[in-house]
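Open the model in your viewer and keep the selection panel at hand. The tour goes from the contact between chains to the contact between domains.

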Protein chains: 2
Amino acid sequence: MGKRIGNQTVKLENRPRIINTTSIVGPKEGQGPLSKYFDIILKDDLDGQESYEKAESKMLYCAITETIKKANLKESDINYLFCGDLLNQLISSNFAARDLDIPFIGLYGACSTMAESLGLGAMIVDAGFAEYAIAATSSHFSSAERQFRAPLEMGGQKPPCSQWTVTGTGSMLIGKDGNFPYVTYVTNGKVKDYGIKDTNNMGAAMAPAAVDTIKQHLQDTGRKPEDYDLIATGDLGKIGKKITEELLKEYGFNVQDVYIDCGEEIFDCKKQNVHSGGSGCGCSASVASGYIYKNLLSGKFKKVLLVSTGALMSPTSSFQGESIPGIAHAVAIEFGGSKND
Amino acid sequence: MGKRIGNQTVKLENRPRIINTTSIVGPKEGQGPLSKYFDIILKDDLDGQESYEKAESKMLYCAITETIKKANLKESDINYLFCGDLLNQLISSNFAARDLDIPFIGLYGACSTMAESLGLGAMIVDAGFAEYAIAATSSHFSSAERQFRAPLEMGGQKPPCSQWTVTGTGSMLIGKDGNFPYVTYVTNGKVKDYGIKDTNNMGAAMAPAAVDTIKQHLQDTGRKPEDYDLIATGDLGKIGKKITEELLKEYGFNVQDVYIDCGEEIFDCKKQNVHSGGSGCGCSASVASGYIYKNLLSGKFKKVLLVSTGALMSPTSSFQGESIPGIAHAVAIEFGGSKND
């Protein structure tokens, strides 16, 4: 079992490459501080479609086809599409995949889906089961609000600990060869539930899962936080990020110098009035495909740990009095470091 | 790319084993013709829980823990749980996984999830990323009815082409060694949509996907239908099965002598008043973990192609006028054939 490192991590000996990425975001995300890193910024979040759900699916489809086109490949060259979203029964992904000539693996990890899909895609390419695979996810503020919370028309107020679902998508093409950023380790997480029941405080609900996966990853690989230029959680927001930082310190890991949360970065939280920050599958997907990937290419980052985080509740489970379980998956992406580190 | 065979199939050279399985079904399924093959038959479908959703999650949890126990393993020996169900945001799987000390990969393939999870689990074990993995799925008649259709209390009538969601679960333990049935090929499907909009006729909506995946599998492997003792689709029911048989004949494949549909087999359709047959993730999961696996062990079957089939709509997509996309994943399971065939 040479590929397994420690309890929960696998090492990808063949270093599957992330050949290129595409990120698409909505107008509000396009006004945020990471604006220049996104490939496409939508002018309006319906994007000519009849419903927000159809707009989300179109955005995902466009990101995937753009990713294939940029690599001068055809759909039939791609062996697997690993894809998921937040909507009931994954309709954004299913309807995007309907128009693609690619075998489809539907995933649901709530907002952890970008690292879940990237990790699986990288493992499948590493093992030689695929020449090319695509990992992609999306979320949309308006389709998520009406499914998980309340009709937009109601104009309900949000408490300060709440987050704002990112309208965005990220798509990554994984292949075997070339001088591109590559995946070295994947640490898949366990479900953790510390009893948080407030669906407006998902950062707190997901933080224990992020802590568990980061801790496990560092223990399994023998790495220290400072071995990374960046450790990026998916969408814990300001509150969840603070909890994560403090809990990791209790376990002896000081991440503070390298730690960001994609949900905090994608918006100017105060100015854009998004309270604790961004959330949704599309948050870590667009930030990883945009900001992180481009800074790996430019050499600003050499080693990044992407830790997408998901809150695994549904409105039904909350109505039935259940707390909110969390999960986090971690993928180490590297470029330009020395050959043997 | 020695592991890829043809366009869409991978060959598992290390023959990952299905070490054991557990199937649990509800009372109605326990009165059906496959009764003797199920490990546990629930006395009532709430099983002491407060809601059908919690009962479904408990059933799934019990199947997984029973599978681990039978192999004399601990939860911490299992490297991955590949698991999904039909409920919004996979709450059956998430809440089952919450109580398990196993890294969790959430999947959504509608009723195709058993072959999706088994295929991925087998690939991951074959590649050496895991010593043990579990593949499991569930569905529950009463949780599915109220989510996808109408409140049970309404007592709505069902048209003759409709199907009955199986209350059931199947769990399979995949490992590297031992004298057990093993997985040889995995063919993951593409999403196919022929424009069916009637959510009471899911068999017709899924049939084109089943046809495409079976045809592709046979072309990729060079096998003929008669090389299999059994080709089992997941839950097309009588109507979908007939369409599949006819379409495959048009492509030159006569499957009639070896072809069953799990949804048709699990119930005595006429006597048990389930119209076209059973459906749901739990249908192919319980039939594969019960009837098929036990008949592989006994030597009745030597080569089986499990083709779980999923209808990828949601109530929201149907309300918005969308048709029903289908998908089918195929996994070849074999035992006791000659070493090199």
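How many residues does the contact take from chain A and from chain B? Select both sides in this predicted model. You should have 48 residues from chain A and 50 residues from chain B.

Now keep the side of chain A that touches chain B. Colour strand 5 (80-85), helix 3 (91-98), strand 6 (104-106), helix 4 (113-126) and helix 10 (315-319) of chain A; each supplies at least two residues to that side. Stop at helix 3 of chain A. Its 5 residues are the largest share of the side that touches chain B. Then colour this side by class: 23 residues are nonpolar, 15 polar and 10 charged.

Next, stay within chain A and split it. Select 16-175 for domain 1 and 182-334 for domain 2. Taken over C-alpha atoms, the centres of the two domains of chain A are 18 Å apart.

Which residues join the two domains? Here 49 residues of domain 1 of chain A are in contact with 52 residues of domain 2 of chain A. Highlight the domain 1 side. Elements of chain A that give two or more residues to it include strand 3 (17-25), helix 1 (27-30), strand 7 (132-139), helix 5 (141-148) and strand 9 (168-175). Strand 5 and helix 4 of chain A are also among them.

Zoom in on helix 4 of chain A. With 8 residues, helix 4 gives the largest share of the domain 1 side that touches domain 2. To finish, colour that side by class: 23 nonpolar, 20 polar and 6 charged residues.

Definitions and conventions: Residues numbered from 1 in each chain as written. Chains lettered and ligands numbered in written order. Predicted model: local features only at pLDDT ≥ 70, side-chain atom pairs only at ≥ 80, totals over all residues. Contact = placed C-beta atoms within 7 Å. Helix = DSSP H or I, 4+ residues; strand = E, 2+ residues; numbered from the N terminus. Nonpolar A, V, L, I, M, F, W, Y, C, P; charged D, E, K, R; others polar. Domains from an automatic or database assignment.
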